[in-house]
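Colleague: I am new to this structure and should like to understand the reasoning behind the terms used for it. May I put some questions to you?

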Amino acid sequence: LPDLEDEADRGRVEGRVVALAAGHGSAMALLSDRTTLFEWGRLADGEHCALPRRFRPKLGGAHDGAEAIAEVCLAVSPECYAAAALTLTGKIFTWGSARGEHIGDSRALLGRDGSVNVPRLVALPAAAGARALSPRCIGVSLGATHGLACAADGRVYAWGGNVQGQCGRPRGMRIRHRVLATPALASSAAPGGGQLNACAVSAGYDFSSVSCADFAAFAWGSNLFGEAYPRSRRVAGALEAHEPM
């Protein structure tokens, strides 16, 4: 990273890196002030930046930039750039997708190139019987065209591309099955019954996986290379699954 001790930067940022993220052709570092990011590689505006470039995303509300960031992630997409930030208060913000599928907000204003340059809050639906509040998140991950979020209550939410069932919806030809413009509950039930109780999520290219508090792990979506479950198991034609396996 650039020398943060020169006179222009002294006193404005802390130079210790506390989190890293890597996508397809891009990388990002979060500094210990929890508001400053450095990014390099292929960026949201289509520019290729060989040297780290600093920016402070404005994470909503009247106090722009006041939300402290807990972790960041980048999409594993060869076609577009997308990023997400999870704040210390459990909110998720997304920006940058050239196609908008990672954004999780159908109301987002897209630029002329189809990108979202201002981070948008991902509003997760409240759990049944809960107050009309978005659940607090503890994890976020972006795949090639979809996003995953893990709530503190163990539920998993998804949005974006669902062509391989990676959002936890049966694959279908109707557009509402192929792309989820806003987040929806991906799954709350574990195979065999019971609560999924997820504590971490990871989005692959076109599949999804979770780890649970009881040390179990589940996956769904594309299974072309056996990434979602052993190919020896014949489920849904052995090419994809839309529920945890």
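Modeller: The discussion below takes up confidence, sheets, loops and side chains in turn.

Colleague: What kind of model is this, and what is its mean pLDDT?

Modeller: This is a predicted model. The mean pLDDT of the protein is 77, and 68% of the residues reach 70 or more.

Colleague: Which strands have the lowest and the highest mean pLDDT?

Modeller: Strand S16 (residues 240-241) has the lowest value among the elements, 50, and strand S9 (residues 137-142) has the highest, 95. Over residues 232-240 pLDDT stays under 50, and the model has 20 contacts beyond four places in sequence for that stretch. Where pLDDT is low, the predicted coordinates should not be read in detail.

Colleague: What makes S1 and S4 edge strands?

Modeller: The sheet is open, with four strands in the order S1-S2-S3-S4 and antiparallel pairing. Strand S1 (17-22) and S4 each have a single partner strand, so one side of each is left without a neighbour in the sheet. From one strand to the next, the twist averages 15°.

Colleague: How do you know that S2 and S3 are paired?

Modeller: Two strands pair if at least two bridges are found between them. Strand S2 (residues 26-31) and strand S3 (residues 37-42) run antiparallel and are joined by five bridges, so the pairing criterion is met. Ser-26, for instance, has Gly-41 in S3 as its bridge partner.

Colleague: Which strands stand at the edges of the sheet S5-S6-S7-S8?

Modeller: That open sheet of four strands also shows antiparallel pairing. Its edge strands are S5 and strand S8 (120-121), each of which pairs on one side only. S5 is joined to strand S6 (residues 83-87) by five bridges in the antiparallel sense, and Val-72 stands opposite Ala-85 in S6.

Colleague: Why is the pair of Phe-55 and Trp-95 called edge-to-face?

Modeller: The count comes to one aromatic pair. The ring centres of Phe-55 and Trp-95 are 6.1 Å apart, within the limit of 6.5 Å, and their planes stand at 75°, over the 60 degrees required, so the pair is edge-to-face. Phe-55 belongs to strand S4 (residues 48-55) and Trp-95 to strand S7 (residues 92-95), so the pair ties together parts that are 40 residues apart in sequence.

Colleague: Why does Trp-95 count as buried?

Modeller: The relative accessibility of Trp-95 is 5%, which is under the cut-off of 20%, and therefore Trp-95 counts as buried.

Colleague: Is Glu-67 buried or exposed, and which side chains make polar contacts with the side chain of Glu-67?

Modeller: Glu-67 is found in the loop between S4 and strand S5 (69-74). At 15% relative accessibility, under the cut-off of 20%, Glu-67 counts as buried. The side chain of Glu-67 makes a polar contact of 3.5 Å with that of Thr-87 and one of 3.1 Å with that of Lys-91. Beyond four places in sequence, the residues in contact with Glu-67 include Arg-34, Thr-35 and Leu-59.

Colleague: Why is Arg-34 called partly exposed, whereas Phe-215 counts as exposed?

Modeller: Arg-34 has a relative accessible area of 25%, which lies between 20% and 50%, so Arg-34 is partly exposed. Phe-215 stands at 82%, over 50%, and therefore counts as exposed. Arg-34 is placed in the loop between S2 and S3, and Phe-215 in the loop between strand S14 (207-212) and strand S15 (217-222).

Colleague: What is the phi of Arg-34, and what is that of Phe-215?

Modeller: Phi is near 65° for Arg-34, a positive value in a residue other than glycine. Phe-215, which is not a glycine, has a positive phi of about 70°.

Key. Residues are numbered from 1 along each chain as its sequence is written. This is a predicted model: local features need pLDDT of at least 70, side-chain atom pairs count only at pLDDT 80 or more; totals for chains, interfaces and linings use all residues. Side-chain values use heavy atoms; hydrogens and water are left out. Rings of Phe, Tyr and Trp (its six-membered ring) pair if their centres lie within 6.5 Å; planes under 30 degrees apart count as stacked, over 60 as edge-to-face and the rest as tilted. Helices (H or I, at least four residues) and strands (E, at least two) are DSSP runs, numbered from the N terminus. Buried means under 20% relative accessible area, exposed over 50%, partly exposed in between (1.4 Å probe, protein chains only). pLDDT is the predictor's confidence in each residue, from 0 to 100. Contact means heavy atoms within 4.5 Å. A polar contact is a pair of N or O atoms within 3.5 Å; within protein, one must be able to donate a hydrogen and the other to accept it, and residues adjacent in sequence count only if both atoms are side-chain atoms. Axes are lines fitted to C-alpha atoms, for helices over the stretch in contact, and angles run from 0 to 180 degrees between N-to-C directions.
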